[in-house]
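Subject: A structure for you to look at

Hello,

Here is the structure I promised to pass on to you. Please open it first, and then read on for what turned up in it.

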Amino acid sequence: MKVVIPHMGHLDIACRGALRNVGIDVVSPPRASNVSLKLGAKYSPELACLPFKINLGNFIDAINGGAKTIMTAGGCGPCRFGYYSILQERILQDMGYSFEMIRADEPDKLANLAKTLKEASGINSKFAAYKTVYFIWRRAHFLDKIIKWSDFIRPRTTEKGRLTRLCDEAFKMVDAASSLKELRAAAKKIKKSLKDIRIDKNKKPIRIGIVGEMFMVIEPFANMGIERKLGDLGAEVERGVWLSRWMNDRFHFNPFQRNHMKVAKRIARPYLKYHAGGESIVTIGKTIKFAKRGFDGVVHIKPFSCMPELVAQMILTKPLMSTLPR
Ligand code: SF4
């Protein structure tokens, strides 16, 4: 079975090698562009948030390219993400497209992800479904590591072009790995090649944290490649949001890794007591953490009409800023 997974950073690469093992062939739609965004925006409700419009453009491109099945996530509140896929499905049907949409209705729950996988792939074994989600996490974890290494090296090297090429090759190697053994072998090679890049160990670049809505932070088209641009300008960037961390906070694949969501919630409590949706509480908690760790600045990325990040923005610009160390 061939399915399309919308772009969100390297989500498609994390899923492809794992889903291949259960007979699902993940096809990546063309990378989002201004043309596909315009198309997505044209058919979206005006006040839908930017990720909705980018995703819809992705889906239109994919279906025009022959895709018949879309795999995505649903959910329930507190933000609008939960009903996105239903609305997108109706819009695409109204446009006359015929396709099937497979949706994980509770993507926060491992059992629900496994159930969706079982239904989509036709496998009978629960164990195989859980193993597949675990392998997706391992792949996402390693892809995130590559980005972390690159964010560290970029401001310290003059070989920026080579670093970009090596990272692109590294992503391809992860994409090709179909088992944990192959992933480990790829990891070894990637580490070795990145170590080859000459860096100035004495350089102390300014440090910038990036916080905000998850899609905006991890999808380079949505954030205009801010991570790489800041690195090229000589800043060491650290994300406050990672796909693999999001998964581990919920599914506890690595019980020894701290639950970043819980920590952020605890730190943010004096300013925001309740989960307002999206990454709002993480945005507050991580900003405080970055400030306490002596970062030089934080960039908060939010899409237009995103309620949770608007809540965070109000707190960041007023009560919080006056209390942070300078
Ligand atoms: S967090 Fe914001 S941008 Fe993301 S889906 Fe919810 S409302 Fe939209």
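The residues that line the second largest cavity divide into eight nonpolar, two polar and two charged. This is a predicted model, so please read everything below with that in mind. The space inside this second largest cavity comes to about 70 Å³. If you would like to find it on your screen, look for its lining: Met8, Gly9, His10, Leu11 and Ala14, then Ala140, Leu143, Asp144 and Ile147, and finally Ile218, Arg239 and Leu243. Two helices, H1 (11-20) and H6 (126-153), each supply at least two residues of that lining. Of these, H6 gives the largest share, with four residues.

How many cavities of 30 Å³ or more are there? The count comes to three. The largest cavity has a volume of about 140 Å³, and 13 residues line it. The ones closest to its centre are Val241, Trp246, Asp249, Met261 and Val282, which makes them a handy set to select when you want to centre your view.

Which helices supply at least two residues each to the lining of the largest cavity? They are H11 (243-251), H12 (260-268) and H13 (280-292). The largest share, four residues, comes from H11. As for character, the lining of the largest cavity has five nonpolar, three polar and five charged residues.

There is also a pair of helices to show you. In general, two packed helices are described by the angle between their axes and the distance between the axes. Here, helix H3 (residues 50-64) packs with helix H4 (residues 81-94) at an angle of about 45°, and their axes are 11 Å apart. Because of that angle, H3 is oblique to H4. The crossing in which H3 passes H4 is right-handed.

Which residues make the contact? From H3 come Phe52, Asn55, Leu56, Phe59, Ile60 and Ile63, while H4 brings Tyr84, Leu87, Gln88, Ile91 and Leu92. Sorted by type, the residues of this contact are nine nonpolar and two polar, with no charged ones. The lining of the largest cavity, by comparison, includes five charged residues, and that of the second largest cavity includes two.

Happy exploring, and write back whenever you like!

Best wishes

Terms used. Residues numbered from 1 in each chain as written. Predicted model: local features only at pLDDT ≥ 70, side-chain atom pairs only at ≥ 80, totals over all residues. Heavy atoms only, no water. Axes fitted to C-alpha atoms, helices over the stretch in contact; angles between N-to-C directions. Parallel < 35°, antiparallel > 145°, perpendicular 65-115°, else oblique. Left-handed = near helix turned anticlockwise from the far one by under 90°. Contact = heavy atoms within 4.5 Å. Nonpolar A, V, L, I, M, F, W, Y, C, P; charged D, E, K, R; others polar. 1 Å grid on protein atoms, 1.4 Å probe; cavity = no way out; pocket = protein on both sides within 12 Å on 5 of 7 lines; lining within 4 Å. Points joined across faces, edges and corners; volume = space filled by probe spheres on them.
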